[in-house]
Amino acid sequence: MLHKAGKRPYSLLCYKRAGKRPYSLLCYKKYGSLFALYLGPHYTVVVNNHQHAREVLLQRGRDFAGRPSMVTTDLLTRGGKDIAFSDYSPLWKSHRRLVHNSFTLLGRERAVDSLCVELMSAGCRGFDPSPAVTRAVTNVVCQLLIQYNNGIVQTITRGGLVDIFPWMKIFPNECLSKLKECITVRDRLLTRKLEEHKVTSTLSKGFKNLKTRSFTCCSGRGQKSPGSEEERITDDHVLMTAAEAFGAGVETTSTTLLWILAYLLHHPEVRTPGACAEGAGRERGSERPVCMSDRSRLPYLDCVINEGMRIRPVSPVLIPHTAMTDSSIGGHSVSRGTRVLVNMWAIHHEPRHWDKPDLFNPDRFLDNQGQRVTPSYFLPFGAGPRVCVGESLARLELFLFLSSMLQRISFSLPEGAPPPNLQGRLGVVLQPLPYKVVVAPRAGLGGRIQL
Ligand code: HEM
C-alpha cells in the first residue's frame, strides 16, 4: 500500500498552494521516494527517486506510456493529434516514428549563424545579400509564433482546476479564453503555411518527408483513409506536429539556454572561453566557428549543458504518464488509469547522488580522469517509449548555440544590476524570470575563439 499524502481535500490544497513551484512542493522530503495523492478525483502516484523512475519509464515503460486527457491539452492538440499529449496507440507510435525521422533530417540542415555573421563573412567582396535577408525575414515571421507561443506557454495546464475537474469549463476562465485565442492565431498561421506548402511543395526535406508520407496516404483533407496506421495520419496530425515543434521544441531549448546563461552570469569562472574550449585548444590553433564535429573535443561544454539541465530541468515533473494496464512500482501495485508524476526535480537534486545539489558545478559530469560521465540518475529528456523525440536535435542545438555564443560574445551584468533570479516560474516549462545582460565581442579573438 502506498503512503497517501493527506486526505483528499488537503492533497488538492497542497497542489494549489504549491503555486509557482509545485514540483518542489510535491512533498517529497516529507513523504519519501514514492507516495500517492489525489489531485481532485485523480489518484496520482508521485515518483521521487531514480530507481522507481527507471521502472516507470524503462523497465515497465510500456505499462506507463499512457497520457491523461486534460481540457487544456485536448484543446491545444485537437484531441490528442500531437505526440506529447496523445495517448499510447498504434497510430501514435507511427506518428512518433515519422516525426522522429523528420526531426533528425531537420537537425542536420539547421544553420546557427546569425544574419550579421553571414553578411560580415562576405567581407568587402560584392555579394547578393538576398538569401541572407530572406532568412532574416523568415525570422521575423517566427516572431509571430513567439507571440502565440508565449500565450500558450503561460496558460497551458494552468487553466487551474479545469484540468482536474473538466466540468468547470462551463464557467468563465481567463486562462482558458487566452489559450483559445492563442490556438486560433496558431491554427490560422499554420493552416495557411500548410496550404502554401501543399501547392509549392517547397517544404524542407524532413517535413516534406512527413507530409508526403501522410498526404499521399490520405484520400481527402482531414479525412482518415482505411489502411495501415501511417495511412491514418491526417492534416490535423501534420498541423499539430508543426505546432509541437514550436511548443515542445523551441520553448524547451531556448529556456535551457537561458538557464545556462543565467548560471554562467553567476559563475563567471565557468564561462571563460578557455574552460569551454578546453581540449580543442590542444588540437591545433585555427580561427573558425565551432561546428558539430568539435563536440567530442569540447567535453567541458557538454558538462556545462548537462549541469544546466540538471539544476533547472525545464520539465520538472516530465509530462504526466498514466498506467495503461494494472502494474506495479517498487513492489506496490498500481491500477490501470492511475496518473504517475516522475519528479525529475527531486531526482536531479537528490543529495545522496549529487554533492551540494544546489551548486552549479559542471565538473560533476567529469570522472577522475577528466572523461565525461552520464550518471543513470540524470534523465533530462526522460527515457523509454515516451523519451523526448527531439533529444538529439536539442543536444545539437544547445551545443551549437552555446559554443557559438561563448566563442564570439562576452556576457556580463549591466552596471549595478543584481545577478539573475534563479527561482524560476512554472508554466508548461520552468522558465527563469526575465533578466538583462550586456554583450560585447570577445576581446582579442576578433569574435572568434582559438580552436
Ligand atoms: C533542451 C531541450 C529539451 C528538453 C530538456 C526536453 C525534455 C523533454 C521531456 C522531459 C519530455 C517528457 C518525457 C516524458 O514524459 O517521459 C519531452 C517530451 C517531448 N519532447 Fe522534448 N525536450 C527538449 C527539446 C525538444 C525538441 C527540440 C523537440 C522537437 C523539436 C521536442 C519534442 C518533444 C516531444 C514531441 C515530446 C513528447 C514525446 C512523447 O510523449 O512521446 N523536445 N521532452
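**Exercise 1. Find the residue with positive phi in the hairpin of β2 and β3, then follow the pairing outward to β7.**

Step 1. Start at the turn: the hairpin of β2 and β3 has two residues between its strands, and glycine 40 takes a positive phi near 60° there. A word on the source: this is a predicted model, in which local features need pLDDT of at least 70 and side-chain atom pairs count only at pLDDT 80 or more, while totals for chains, interfaces and linings use all residues. Residues are numbered from 1 along each chain as its sequence is written.

Step 2. Look at the two strands themselves. Strand β2 covers residues 34-39 and β3 covers residues 42-47; they pair in the antiparallel sense over six bridges. Strands here are DSSP runs of E with at least two residues, helices are runs of H or I with at least four, and both are numbered from the N terminus. Two strands pair if DSSP finds at least two bridges between them. As a landmark, leucine 37 stands opposite threonine 44 in β3.

Step 3. Move on to β7 (residues 339-342), which runs parallel to β3 and is joined to β3 by four bridges. Here valine 45 stands opposite valine 340.

Step 4. Finish with β4 (residues 321-322), which pairs with β7 in the antiparallel sense over two bridges. Histidine 321 also stands opposite valine 340 in β7.

**Exercise 2. Decide which residues cover the two faces of β7, and which of α3 are buried.**

Step 1. Apply the cut-offs: a residue is buried if 20 or more other C-beta atoms lie within 10 Å of its own, exposed if 12 or fewer, and partly exposed in between, with C-beta atoms placed from the backbone.

Step 2. Take β7 side by side. Arg339 and Leu341 lie on one side, Val340 and Val342 on the other, and all are buried.

Step 3. Turn to α3 (residues 50-59), where seven of the ten residues are buried. These are His50, His52, Ala53, Arg54, Glu55, Val56 and Leu57.

Step 4. Ask what covers them. The cover includes β2, β3, β4, β5 (327-329), β7 and α14.

**Exercise 3. Describe the shell around the ligand and place Cys388 in the chain.**

Step 1. List the nearest residues: of the 27 around the ligand, Ala84, Gly249, Gly382, Cys388 and Gly390 come nearest. A residue is near a molecule if its C-beta atom, placed from the backbone, lies within 6 Å of it.

Step 2. Assign the helices. At least two residues of the shell come from each of α5 (90-109), α10 (235-266) and α15 (391-408). The largest share, seven residues, is supplied by α10.

Step 3. Sort by chemistry: the shell divides into 17 nonpolar, seven polar and three charged residues. In this scheme Ala, Val, Leu, Ile, Met, Phe, Trp, Tyr, Cys and Pro count as nonpolar, Asp, Glu, Lys and Arg as charged, and the others, Gly among them, as polar.

Step 4. Zoom in on cysteine 388, in the loop between α14 (344-348) and α15. Cysteine 388 counts as buried because it has 20 C-beta neighbours inside 10 Å. Leaving out residues up to four places away in sequence, cysteine 388 touches Phe381 and Gly382; contact means C-beta atoms, placed from the backbone, within 7 Å.

Step 5. Check the record: an unreviewed UniProt entry places the feature "binding site" at Cys388. UniProt positions are given in the numbering used here, feature names are shortened, and annotations may be inferred rather than shown by experiment.

**Exercise 4. Compare leucine 318 and lysine 356: which is buried and which is exposed?**

Step 1. Recall the background: most residues other than glycine have a negative phi.

Step 2. Read the angles. Leucine 318 has a positive phi of about 50°, and lysine 356 has a positive phi near 45°.

Step 3. Locate both. Leucine 318 is in the loop between α13 (299-311) and β4, whereas lysine 356 is in the loop between α14 and α15.

Step 4. Count neighbours. Leucine 318 is buried, because 25 C-beta neighbours lie inside 10 Å. Lysine 356 is exposed, because 9 other C-beta atoms lie within 10 Å.

**Exercise 5. Judge the confidence of the protein chain from its pLDDT.**

Step 1. Begin with the mean pLDDT, which is 74, with 66% of residues at 70 or more. pLDDT is the predictor's confidence in each residue, from 0 to 100.

Step 2. Look for weak stretches. Over residues 105-113 pLDDT stays under 50, and the model has 15 contacts beyond four places in sequence for them. Residues 122-141 are also below 50, with seven contacts beyond near neighbours in sequence.

Conventions
Two residues are in contact if their C-beta atoms, placed from the backbone, lie within 7 Å.
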